[in-house]
Amino acid sequence: MPHLIQRLQWRHLRLINAIDESGQLSMAAERISITQPAASRMLAEIEDMVGQTLFVRKPKGMVPTPIGQVLIRHTVLLLRGLSATAVEVDAFAAGKTGSVRVGSVTGAAVAFVVPSVQKLRADISGADITIAVAPSEELIHGLHNGDYDFVLARVPPPHDRRQFDFMQGRSESVEFLVRCGHPLLSMKKPTLQDFRHYGWVIQGVGTPMRDAVERAYIEHDMPLPEEIINTTSLLVMIACLQSSNAISPISSEVSMLMQGTDTGGMETVRFPAPITIEPYHLIQKKQQTLSPLATRLRDLVIDALRVEPGHGLIDS
């Protein structure tokens, strides 16, 4: 009945459901906040659309006919589906469901993204949240291609910074990760010369971490080590350190996380001179509209970047 699909309305479905549940036209009218005469006219209108009687009046109330039972069964399903849709739409508009995709460098993910997701989780259900950890080059490429709603990263050349909106930022300081029992740990205060003897497990050439550490060595007239293993994986880094005296630079945020978890006997040691990495920022593609959920998470991350103690605040 194509004409029925075109003419049947939400108010019709509500009346059919109310009559079925109450068994009385007067009670059904009260449920949907209309008068009984209006309900009687509406029922007649529906029966005219269907071409058959939907309810028969009996001493104990209104009883559905076989065609009425068919319509009632589907009406219940439609009303439940519409109700669920309304709930989901309201939740989505309030940022309590949906999906959000975040990309981040390691330190920012540990210190700011994960805690912000935990706060968000306390007030949502059914949300699909993705956190990708990668070097800035990959993150900016992904942001440009629409893989992420926002990222915490740096913009390496030759990307055009004018394509992006830069929000709250943060600088990172560097410590060195070593195995338990490493010779540097036996020294009360290691000197620059003490660090000369150990190879690196470090991110590749051209990355902000690598540039910062190389710059620190060069500024203090220290030769770069001959033995270097390049990796962006924290797990690979730990595996390499466990069986050698190599040292591995990590951000202070990652260092704080590792101090509170079982990391297979890893410890950190401070370099005698401060090493600071180029700041990262929360970055969003210009003119990109975020979902309510993504907006909520972005704002939580921004708040965390602003108030988290112990780090240098950098306004965008």
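Trainee: How many helices and strands are there in the protein chain?

Mentor: Start by counting elements: this chain has 12 helices and 12 strands. Keep in mind that we're looking at a predicted model.

Trainee: Okay. How do I read the overall form of the chain? What is its radius of gyration?

Mentor: The idea is to set the value beside that of a compact globule with as many residues. For 316 residues, such a globule would come out near 20 Å, but this chain has 32 Å. Then look at the box around the C-alpha atoms: along the principal axes, they fill roughly 100 × 40 × 35 Å.

Trainee: And what share of the residues is buried?

Mentor: Here 43% of the 316 residues count as buried. As for the outside, the accessible surface is about 16,900 Å², and carbon and sulfur atoms own 53% of that.

Trainee: Let's try a single residue. Is Ser 104 buried or exposed?

Mentor: To decide, check the relative accessible area: buried means under 20%. Ser 104 has 0%, so Ser 104 is buried. You'll find this serine in strand E3, which runs over residues 98–104.

Trainee: Which residues does Ser 104 touch?

Mentor: Skip the neighbours within four places in sequence, then see what's left. For Ser 104, the contacts are Ala 109, Val 113, Ala 132, Val 133, Ala 134, Leu 139 and Leu 152.

Trainee: Now a residue in a helix. Where is Tyr 217, and is Tyr 217 buried or exposed?

Mentor: Tyr 217 belongs to helix H9, residues 208–219. Its relative accessible area is 1%, so Tyr 217 is buried. Among the residues Tyr 217 touches, leaving out those up to four places away in sequence, are Phe 176, Phe 195, Trp 200, Ile 247 and Phe 271.

Trainee: How far apart are Tyr 217 and Leu 241?

Mentor: There are two ways to say it. In sequence they are 24 residues apart, and in space 20 Å apart, C-alpha to C-alpha.

Trainee: Last one: how do I read a pocket? How much space lies in the largest pocket?

Mentor: Go for volume, then lining. The largest pocket holds about 570 Å³. Its lining has 32 residues, and the closest to the centre are Arg 154, Gln 203, Thr 207, Pro 208 and Met 209.

Trainee: Which element supplies the largest share of that lining?

Mentor: That's H9, with five residues. Other elements supply at least two each, including helix H6 (106–121) and strand E11 (276–285). By type, the lining divides into 16 nonpolar, 10 polar and six charged residues.

Conventions:
Residues are numbered from 1 along each chain as its sequence is written. This is a predicted model: local features need pLDDT of at least 70, side-chain atom pairs count only at pLDDT 80 or more; totals for chains, interfaces and linings use all residues. Side-chain values use heavy atoms; hydrogens and water are left out. Helices (H or I, at least four residues) and strands (E, at least two) are DSSP runs, numbered from the N terminus. Buried means under 20% relative accessible area, exposed over 50%, partly exposed in between (1.4 Å probe, protein chains only). Contact means heavy atoms within 4.5 Å. On a 1 Å grid over the protein atoms alone, a cavity is a set of points where a 1.4 Å probe fits but cannot get out, and a pocket is an open set with protein on both sides within 12 Å along at least five of seven lines; lining residues have an atom within 4 Å of a point. Grid points are joined across faces, edges and corners, and a volume is the space filled by probe spheres set on the points. Ala, Val, Leu, Ile, Met, Phe, Trp, Tyr, Cys and Pro count as nonpolar, Asp, Glu, Lys and Arg as charged, and the others, Gly among them, as polar. The radius of gyration is taken over C-alpha atoms; the globule rule is 2.2 Å times the number of residues to the power 0.38. Accessible areas come from the Shrake-Rupley method with a 1.4 Å probe; for residues, only the protein chains shown count as cover.
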